[in-house]
Amino acid sequence: MIADDGKVAAKLDVDLDSGRWTISNASDDVIASGTQDLVRVGIHGLSPDGTAAIYSDYRGGRTRYWRTSLTGGQPSELWQQTAVDRLIYRPLSSRIDGIRLRDGSRRRVSRCR
């Protein structure tokens, strides 16, 4: 994931044989990790303030979105009771400004918390 300054903010590494995945920050510190049989995980963007990576995984029959600080810490689940259809990005940026719901409505995201 590229930050607004053009530098790498976060990267996703996947081992397809073991199902293990990691998300690392620009310093190569692991900020999130997991294991899945089918490795259904993706990094989508940055929080509106650019301090966290937003990623998703697929478990329990649904896509779950997560926020993890670029400096490390415990990931927290986002939009748990929300039927997210897609993410809305700030123009010319990897920062997420909002979400579009499955009913077609949109919700602005102020902090992704």
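Trainee: Which residue stands opposite W66 in strand 7?

Mentor: Good place to start, and keep in mind that this is a predicted model. Strand 6 and strand 7 pair in the antiparallel sense, over three bridges. Across from W66, in strand 7, stands E77.

Trainee: In what order do the four strands of the open sheet run?

Mentor: Strands of a sheet can pair either parallel or antiparallel, through backbone hydrogen bonds. Here the pairing is antiparallel, and the sheet is an open one of four strands. From one strand to the next, the twist averages 35 degrees. The order is 4-5-6-7.

Trainee: Which are the edge strands?

Mentor: Look for strands that pair on one side only. That description fits strand 4 (41–46) and strand 7.

Trainee: How many aromatic pairs are there, and what geometry do Y65 and W79 have?

Mentor: Searching the whole structure gives two aromatic pairs. In the pair of Y65 and W79, the ring centres are 5.5 Å apart and the planes meet at 65 degrees. Planes over 60 degrees apart count as edge-to-face, so the geometry of this pair is edge-to-face.

Trainee: How far apart in sequence are the parts that this pair ties together?

Mentor: Y65 belongs to strand 6 (residues 62–69), while W79 sits in the loop between strand 7 (76–78) and strand 8 (84–89). The pair therefore ties together parts whose separation in sequence is 14 residues.

Trainee: Are Y65 and W79 buried or exposed?

Mentor: The cut-off for buried is under 20% relative accessible area. Y65 has 12% relative accessibility, so Y65 counts as buried. W79 has 15%, so W79 also counts as buried.

Conventions: Residues are numbered from 1 along each chain as its sequence is written. This is a predicted model: local features need pLDDT of at least 70, side-chain atom pairs count only at pLDDT 80 or more; totals for chains, interfaces and linings use all residues. Side-chain values use heavy atoms; hydrogens and water are left out. Rings of Phe, Tyr and Trp (its six-membered ring) pair if their centres lie within 6.5 Å; planes under 30 degrees apart count as stacked, over 60 as edge-to-face and the rest as tilted. Helices (H or I, at least four residues) and strands (E, at least two) are DSSP runs, numbered from the N terminus. Buried means under 20% relative accessible area, exposed over 50%, partly exposed in between (1.4 Å probe, protein chains only). Two strands pair if DSSP finds at least two bridges between them. Axes are lines fitted to C-alpha atoms, for helices over the stretch in contact, and angles run from 0 to 180 degrees between N-to-C directions.
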